[in-house]
Structures are given as structure tokens and as C-alpha cells.
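Keep the sequence and the 3D view side by side. Find each element as it is named, then read on.

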Amino acid sequence: MSIRIATFNCENLFRRPIVFGSGNDPIRDAVLEDFRKLVEILDHDTYTANDRTKIIELLKKHSVDVSQEISTQTILMNEPRGRARLLQGEGRNIEVRAEATGRSAWVGWAELVKDDLSWDAVKNTARVIAEVNADILLTVEVEDRLTLHRFNKQVMAGQFEAEPYPFNMLIDGNDIRGIDVGLFSRHPITSVRSHIFDKKNSRDIFSRDCPEFEIDIDGEPLWLLGNHFKSKRGGGGGDKRKLQGERVAQLYQAALARSAHVVVAGDLNDTPGSPPLTFLEATGLKDAMTHDSYEGPPGTHGKCTNPSDKIDYLMFSPELFAKVDKVEVERRGIFEFGTPFDTVTGPGDQASDHAAIVAELDL
């Protein structure tokens with residue numbers, strides 16, 4: 001029985017935070033860092049005078065207007081009308097309500113402003129998935145399960161005339177930006193374990209979590225551990241990626257005790273031999289792109305020409321790796337790649353700046 005397993009960082013399917021598409025790394029990193037600080041302050045049990053000042057300072061810095069009418073804002077407050085609000089005032093003349101003494105005293109949250117992806121970008125994402133034609137596809141950076149379902153039915157099948165996937169699954173994780181890890185499958189998904197850790201106790205190791213999907217392959221279980229490690233952007237991610245790599249290695253060993261067929265996949269945001277990858281490599285996991293059948297450049301991101309461009313992984317337990325027949329990397333959805341699809345004409349309509357990795361196995 002031949003089966004194709006793949007991973008692809010889609011960079012969202014329909015809507016993406018505006019800041020991610022800014023094309024300016026320093027600006028993007030500054031907004032994301034301010035957003036992190038704001039969310040941290042908003043979670044305080046009691047707001048000090050400094051907290052209240054800092055909340056307003058951060059909101060005004062990113063053009064937040066309680067009327068929600070400023071089109072250039074990158075951060076917005078999502079609040080109900082009435083007394084359960086954090087803010088009062090009009091336009092930029094806002095302040096924290098006296099009654100909002102801490103996190104439990106108001107209802108709502110901060111979020112990154114999102115914008116629609118272009119229809120061309122959505123179609124090119126579908127084209128990559130159709131070209132890969134995987135039986136099991138890990139999707140990284142996906143908004144939510146309903147979006148995954150609608151993309152499957154309305155784009156893959158409804159517009160692109162590709163065969164829709166009969167099974168899909170996504171459990172919302174800790175990442176509040178709407179970039180979760182999901183799964184498309186042509187085989188039944190029999191169970192899901194989502195490893196969500198308390199931020200204080202885990203040192204925020206899994207801000208994006210590690211779901212484990214159990215997939216039934218003709219009566220035999222296959223476990224897929226999906227990941228999206230902390231980015232290098234903005235600094236400070238190295239220690240978290242190292243902790244993530246160490247923890248995923250433990251989860252892999254536990255899964256291996258349940259089945260010899262285990263896959264670890266996703267955007268790990270680091271290169272082979274780096275500390276986070278060392279933990280995984282030490283377990284005996286085999287990177288698909290090291291298979292004898294693979295021919296092509298070393299990278300999976302951006303131009304893909306250098307080893308430093310490899311940050312996406314499809315890794316197999318030894319027994320599964322021995323069954324691999326062929327490995328391919330689909331890069332034509334990337335604008336920076338030398339020979340993209342003819343429908344990819346710029347960064348605004350590319351499928352993603354990540355490639356999709358696919359392996360064909362004889363099970």
C-alpha cells in the first residue's frame with residue numbers, strides 16, 4: 001500500500017495578521033513584541049498605575065481607536081458594549097475605566113488586526129496542496145478548524161476541482177494570533193492529544209502547542225506530532241526552541257511505545273544540527289530530505305538555495321523511514337524561488353514563503 005505524507009506551512013488560508021505581511025522585519029518584530037507586552041499586562045490580576053499608563057501607551061502607539069474605524073491599526077481591542085469594558089473615551093482620547101481594576105473586572109481581549117489574503121494567494125495555496133496530493137497533510141499556520149473545513153470544501157473542491165479530504169482536524173492552541181496546526185487526511189483520524197502547557201509552569205515552551213494525531217491506516221495506528229516552533233524573529237526564541245525540541249523528543253519516545261509508526265513534522269524554525277534539532281536527531285528520527293531518493297536544493301524557505309534556508313521538517317521513526325520510497329519538495333508556491341508557478345507573480349499572491357515536503361511510503 002502506497003501512502004503520501006506531507007507537511008506545509010500555509011501561512012494562513014483566508015485571513016492573516018496585517019503585520020505578518022508588512023515586508024519589514026524590524027517593524028513586524030516591534031509590533032509583535034508590543035503585542036506580547038500588552039497581552040502580558042492585560043493578564044495582570046491587579047492593574048497598577050503604571051500598568052494603566054502602559055496599556056494606553058501601547059494601544060495609541062498602534063493606532064487603536066475604540067470606534068474601531070482606523071484602517072491602519074495593527075492591534076485592536078475586542079470588547080462588548082456596556083459596563084464590562086476595559087476602555088472608555090472616544091477616538092484616541094481613551095483611558096482605562098476606573099472599574100477595570102484587573103483581568104477579572106472586564107470582558108474582552110487584544111488581537112492583531114487581520115486582513116483578507118488575495119484570491120490569487122488562496123488559489124496558489126490550494127494549487128500547492130493539490131500538486132503534493134498527500135494522503136496525510138500537516139497544515140501549519142491555519143486560522144481554525146472551520147476555516148480548514150471551508151478551504152477544503154469551497155476552494156480545494158468547489159473552485160480548484162481537487163478531491164476534498166474526507167477528514168480534517170484542528171484543536172485551537174495557545175497561540176492567540178490564529179496560526180494553529182491542523183491536519184487533512186484521507187484516512188480516519190481516530191484520536192487527538194493536544195499538549196497545552198501552563199505558561200508559568202512550562203516557561204511558555206509551547207505557545208503554539210504540539211498536537212498528536214492518531215491516524216488509522218488499514219487498522220494500524222500511525223501517530224503524527226505536529227509542530228510550529230518559536231520563530232527566530234525578534235530574538236529570544238533560541239531557548240524556547242531548545243525546550244520545545246527537548247519536549248517533543250520526549251513526546252516522540254512516548255508515541256513510539258504505542259506504535260513503531262511515528263512522524264514528527266512541521267515548521268521547526270531552525271536548521272539541522274542546531275540545539276532544538278539535536279534533541280530530535282538523537283532519538284533516531286530520520287529527516288525525509290536525507291533519503292537517497294531526494295534530489296534538489298537544501299532549503300525549504302525563501303530562496304531555498306542554502307542549508308540555512310531549511311526550517312521545515314518531515315521526520316520518521318526508523319521503521320517508517322525504511323519504508324520511504326521517494327521524497328520531494330514542492331517549492332513552486334514561493335515567489336523567491338527561481339521557478340515558481342506561472343500564477344505566482346509576487347509576494348502578495350504566493351502560496352507561502354515555505355515549501356511543502358512530501359514522502360511516499362510503501363506500507
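The paragraphs below go from a sheet to its helices, and then to single residues.

This is a predicted model, in which local features need pLDDT of at least 70, side-chain atom pairs count only at pLDDT 80 or more, and totals for chains, interfaces and linings use all residues. Residues are numbered from 1 along each chain as its sequence is written, and side-chain values use heavy atoms, with hydrogens and water left out.

Start with the strands. Helices (H or I, at least four residues) and strands (E, at least two) are DSSP runs, numbered from the N terminus. Two strands pair if DSSP finds at least two bridges between them. Six strands build an open sheet here, in the order β9-β10-β8-β1-β18-β17. Their pairing is mixed. Which strands stand at the edges? They are β9 and β17 (324–330). Each has a single partner strand, so one side of each is left without a neighbour in the sheet. From one strand to the next, the twist averages 15 degrees. Axes here are lines fitted to C-alpha atoms, for helices over the stretch in contact, and angles run from 0 to 180 degrees between N-to-C directions.

Now look at one pair in the sheet. Strand β1 (residues 2–9) and strand β18 (residues 356–362) run antiparallel, joined over seven bridges. Pick out Ile 5: its bridge partner in β18 is Ala 359.

Two helices lie across these strands. Helix α3 crosses β1, β8, β17 and β18, at about 155 degrees to β1. Helix α4 crosses β8, β9 and β10, at about 155 degrees to β9.

Stay with α4. How far apart should its ends be? The expected span of a helix is 1.5 Å times one less than its number of residues. For the 13 residues of α4 (residues 145–157), that gives 18 Å, and the end C-alpha atoms are 17 Å apart, which agrees. The helix still bends, by about 30 degrees at Phe 151. The bend at a residue is the angle between axes fitted to the seven residues ending there and the seven starting there.

Which residues of α4 are buried? Buried means under 20% relative accessible area, exposed over 50%, and partly exposed in between (1.4 Å probe, protein chains only). The buried ones in α4 are Thr 147, Leu 148, Phe 151, Asn 152, Val 155 and Met 156. An α-helix has 3.6 residues a turn, so residues three or four places apart point the same way. The cover over the buried residues of α4 includes α3 (119–132), β8 (136–142), β9 (167–170) and β10 (180–185). Contact means heavy atoms within 4.5 Å.

The N-terminal end of α4 has a cap, Asp 144. One of its side-chain oxygens lies 3.3 Å from the backbone nitrogen of Leu 146. That fits the cut-off for a polar contact: a pair of N or O atoms within 3.5 Å; within protein, one must be able to donate a hydrogen and the other to accept it, and residues adjacent in sequence count only if both atoms are side-chain atoms.

Turn to helix α1 (residues 25–42). It has 18 residues and reaches 26 Å from its first C-alpha to its last, close to the 26 Å expected. Its buried residues include Val 31, Leu 32, Phe 35, Leu 38 and Val 39. They also include Arg 28 and Asp 34. The buried residues of α1 pack against α2 (49–61), β3 (75–78) and β6 (109–112).

Next come the loops. Glu 11 sits between β1 and β2 (15–17). Its phi is near 55 degrees, a positive value in a residue other than glycine. Asn 133, in the loop between α3 and β8, has a positive phi of about 50 degrees and is not a glycine either. Are these two buried or partly exposed? Glu 11 is buried, at 12% relative accessible area, while Asn 133 is partly exposed, at 43%.

Ser 352 lies in the loop between β17 and β18. At 0% relative accessibility, Ser 352 is buried. Its side chain reaches the backbone oxygen of Asn 9 at 2.7 Å and the backbone nitrogen of His 354 at 3.0 Å. Leaving aside neighbours within four places in sequence, Ser 352 has contacts that include Glu 11 and Gly 333.

Finish with Ile 179, in the loop between β9 and β10. It is buried, at 3% relative accessibility. Ile 179 and Val 142 are 37 residues apart in sequence, yet 4.9 Å apart in space, C-alpha to C-alpha.
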